[in-house]
Amino acid sequence: MSRLRSRLRALSFSLALVAFFAIAAKLTEHGTIGFDMAVMSLVYSWDHPAMVGLMKRVTLLGETWFLAYVTVAVMGVLAVKKKYKDAYFLALTGIGAGLLNRLLKNVFERTRPDFHQFVDISGYSFPSGHAMGSIVVYGMLAYFVSISKVSQPVKRTFVGAVSVLILHI
């Protein structure tokens with residue numbers, strides 16, 4: 001089982017790394033105006049008070065303070081179950097992702113698009129802290145459920161729901 005865990009971790013990390021660098025290469029190679037315009041057109045097509053409110057609420061699930069709360073709560077559950085290595089690994093990946101995000105923002109220095117924004121936010125836009133933090137924290141939750149003793153339908157449902165949540169954040 002430990003070997004399977006190691007392989008799943010390595011595979012997850014490798015896929016995330018490939019996806020990140022594919023996006024980074026696309027943004028730096030071809031400029032960002034076309035990408036920004038496509039995303040903004042999509043977002044503006046949903047510009048309705050109810051939708052904006054819903055989007056703001058979903059986005060809160062990717063805020064640093066919320067992800068920290070989820071991380072500490074899951075670490076507590078893992079500690080109670082005496083899964084100290086998993087708790088440590090979760091903490092390490094969360095902290096590592098935060099540090100890596102800050103470093104990469106300073107490397108890419110991608111300014112935020114100068115469009116009407118639904119929220120006030122400053123700092124560089126790439127990589128997204130919400131996206132990176134959500135992928136790490138919720139992805140680790142999905143991983144822990146996927147290696148747990150719960151039934152396969154529960155595992156598939158949970159991993160699917162977490163995937164949808166990450167995509168929406």
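What share of the 169 residues in the protein chain is buried? Buried residues make up 26% of them. The model is a predicted one.

**Overall fold**

The protein chain holds seven helices and zero strands. Its pattern along the sequence reads α-α-α-α-α-α-α. Take the contacts between residues at least 6 apart in sequence: 65% of these join residues at least 24 apart.

**The α6 and α7 pair**

Two packed helices are described by the angle between their axes and the distance between the axes. Helix α6 covers residues 129-146, and helix α7 covers residues 152-168. Their axes come within 9 Å of each other. The crossing angle is roughly 175°. Angles over 145 degrees count as roughly antiparallel, so α6 is roughly antiparallel to α7.

Which residues of α6 meet α7? On the α6 side they are S134, I135, Y138, G139, L141, A142, V145 and S146. On the α7 side they are K155, F158, V159, V162, L165 and I166. By class, the residues of this contact divide into ten nonpolar, three polar and one charged.

**Three partly exposed side chains**

M75 and F66 belong to helix α4. F89 belongs to helix α5. The table sets out their accessibility and one C-alpha to C-alpha distance for each.

| Residue | Helix | Relative accessible area | Partner | Sequence separation | C-alpha distance |
|---|---|---|---|---|---|
| F66 | α4 | 22% | S134 | 68 residues | 9.9 Å |
| M75 | α4 | 26% | Y88 | 13 residues | 7.8 Å |
| F89 | α5 | 23% | M75 | 14 residues | 9.5 Å |

Partly exposed means a relative accessible area between the 20% and 50% cut-offs. M75, at 26%, is therefore partly exposed. F66 counts as partly exposed at 22%, and F89 does so at 23%.

What does each one touch beyond its neighbours within four places in sequence? M75 is in contact with A87, L90 and A91. F66 is in contact with L60, L61 and Y138. Y138 is also one of the α6 residues that meet α7. S134, the partner of F66 in the table, is another residue of that α6 set. F89 is in contact with R9 and M140.

**The loop after α4**

Helix α4 runs over residues 64-80, and helix α5 over residues 84-108. K82 sits in the loop between them. Which sign does the phi of K82 have, positive or negative? The phi of K82 is positive, at about 60°, although K82 is not a glycine. The relative accessible area of K82 is 60%. Exposed means over 50%, so K82 is exposed.

**The second largest pocket**

The second largest pocket has a volume of about 310 Å³. It is lined by 14 residues. Which of them lie nearest its centre? They are L78, K81, K83, F144 and S148. Helices α4 and α6 each supply at least two residues of the lining. What is the chemical make-up of that lining? The lining residues divide into eight nonpolar, one polar and five charged.

**Where the elements recur**

Helix α4 carries F66 and M75, and it also contributes to the lining of the second largest pocket. Helix α6 contributes to that lining as well, and its axis comes within 9 Å of the axis of α7.

Key:
Residues numbered from 1 in each chain as written. Predicted model: local features only at pLDDT ≥ 70, side-chain atom pairs only at ≥ 80, totals over all residues. Heavy atoms only, no water. Axes fitted to C-alpha atoms, helices over the stretch in contact; angles between N-to-C directions. Helix = DSSP H or I, 4+ residues; strand = E, 2+ residues; numbered from the N terminus. Parallel < 35°, antiparallel > 145°, perpendicular 65-115°, else oblique. Contact = heavy atoms within 4.5 Å. Nonpolar A, V, L, I, M, F, W, Y, C, P; charged D, E, K, R; others polar. 1 Å grid on protein atoms, 1.4 Å probe; cavity = no way out; pocket = protein on both sides within 12 Å on 5 of 7 lines; lining within 4 Å. Points joined across faces, edges and corners; volume = space filled by probe spheres on them. Buried < 20%, exposed > 50% of the residue type's maximum accessible area, 1.4 Å probe, protein only.
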